[in-house]
Amino acid sequence: MNKGIEIKSFRSPDEHRPFNQGKGYLDVVRIGGQDVGLGVFQPGWRWSSHVKPIAGTDSCQSAHRGYVVSGRLHVVMNDGQQADLSAGDFALIQPGHDAWVVGDEPCVIFDFAGFSDYARPSAGPAATYEPAPVH
């Protein structure tokens, strides 16, 4: 039977994936056959330090299509291209990059494309935890 309305909430995500050293987390909801991610990156977070050990790749291999709600993020592509993202920006970021939070405010991003496997341990399915509070 076709559902006319489907509602999900990040208050009770389908998955909660914490980053190493408590530097943030990713919550994922599955809706309409797609995953949507809410990433909360704490000051001091850096992909190569806090997600690389989970992903097991040299750089982030996810393609992201996301909207920055708050904070700032600096992205460096493997080829050297760089950009800063800040609140109100919508960005497409191809695989092959590192990124880190700029400043002392958490960076909060909704991602509509690249969080299905992001920060998921390479050996097996992601663990599911109680959701962390969203600020």
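## Notebook: two sheets and a salt-bridge network

I began with the smaller topic on my list: an open sheet of three strands runs in the order S6-S5-S8, with antiparallel pairing. At the edges I found strand S6 (82–86) and strand S8 (97–101), and each of them pairs on one side only. On average, neighbouring strands here are turned by 20 degrees against each other, direction ignored.

Before going on, I noted what I am looking at: this is a predicted model, where local features need pLDDT of at least 70 and side-chain atom pairs count only at pLDDT 80 or more, while totals for chains, interfaces and linings use all residues. Residues are numbered from 1 along each chain as its sequence is written, and side-chain values use heavy atoms, with hydrogens and water left out.

**My word list for strands**

I wrote down that helices (H or I, at least four residues) and strands (E, at least two) are DSSP runs, numbered from the N terminus. Two strands pair if DSSP finds at least two bridges between them. For the angles, axes are lines fitted to C-alpha atoms (for helices, over the stretch in contact), and the angles run from 0 to 180 degrees between N-to-C directions. I also reminded myself that strands of a sheet pair through backbone hydrogen bonds, either parallel or antiparallel.

**Inside the three-strand sheet**

How many bridges join strand S5 to S8? I got five, with S5 (residues 72–77) and S8 running antiparallel. I picked out His-74, whose bridge partner in S8 is Trp-100. I also saw that Met-77 stands opposite His-97 in S8.

Then I checked how covered S8 is. Buried means under 20% relative accessible area, exposed means over 50%, and partly exposed is in between (1.4 Å probe, protein chains only). S8 turns out to be mostly covered, with four of its five residues buried.

**The six-strand sheet**

Next I traced the other open sheet, where six strands follow the order S1-S2-S3-S9-S4-S7 with antiparallel pairing. Strand S1 (15–18) and strand S7 (90–93) stand at the edges with a single partner strand each, so one side of each has no neighbour in the sheet. Neighbouring strands of this sheet are turned by 25 degrees against each other on average, direction ignored.

I zoomed in on S2 (residues 24–31) and S3 (residues 34–41), which pair in the antiparallel sense over eight bridges. Which residue in S3 is the bridge partner of Arg-30? I found Asp-35.

**Salt bridges**

My rule: a salt bridge is a side-chain nitrogen of Lys or Arg within 4 Å of a carboxyl oxygen of Asp or Glu. By this rule I count five salt bridges.

Arg-30 and Asp-35 came up again, as they form a salt bridge with their closest N and O atoms 3.1 Å apart. Asp-35 counts as buried because its relative accessibility is 18%, whereas Arg-30, at 32%, counts as partly exposed.

I looked at Asp-98 and Arg-46 next, whose side chains meet in a salt bridge (3.3 Å, N to O). This pair links distant parts of the chain: Asp-98 sits in strand S8, and Arg-46 in the loop between S3 and helix H1 (47–50), 52 residues apart. Asp-98 is buried with a relative accessible area of 16%, while Arg-46 counts as partly exposed at 31%.

I then saw that salt bridges sharing partners join Glu-15, Arg-17, Arg-30 and Asp-35 into one network. In it, the side chains of Glu-15 and Arg-17 meet at 3.0 Å, N to O. Buried or exposed? Glu-15 counts as buried at 6% relative accessibility, and Arg-17 is buried too, at 2%.

**A nonpolar patch**

I wanted a look at the surface as well. Patches are made of residues with over 30% relative accessible area and no salt bridge; like charges are joined within 9 Å, and nonpolar side chains (Val, Leu, Ile, Met, Phe, Trp, Tyr) within 5 Å. Tyr-67, Val-69, Phe-90 and Phe-112 make a nonpolar patch of about 370 Å². Val-69 is found in strand S4 (residues 64–70) and counts as partly exposed at 38% relative accessibility.

**Whole chain, to finish**

I tallied two helices and nine strands, in the pattern β-β-β-α-α-β-β-β-β-β-β along the sequence. Of the 135 residues in the chain, 41% are buried.

Notes
Accessible areas come from the Shrake-Rupley method with a 1.4 Å probe; for residues, only the protein chains shown count as cover.
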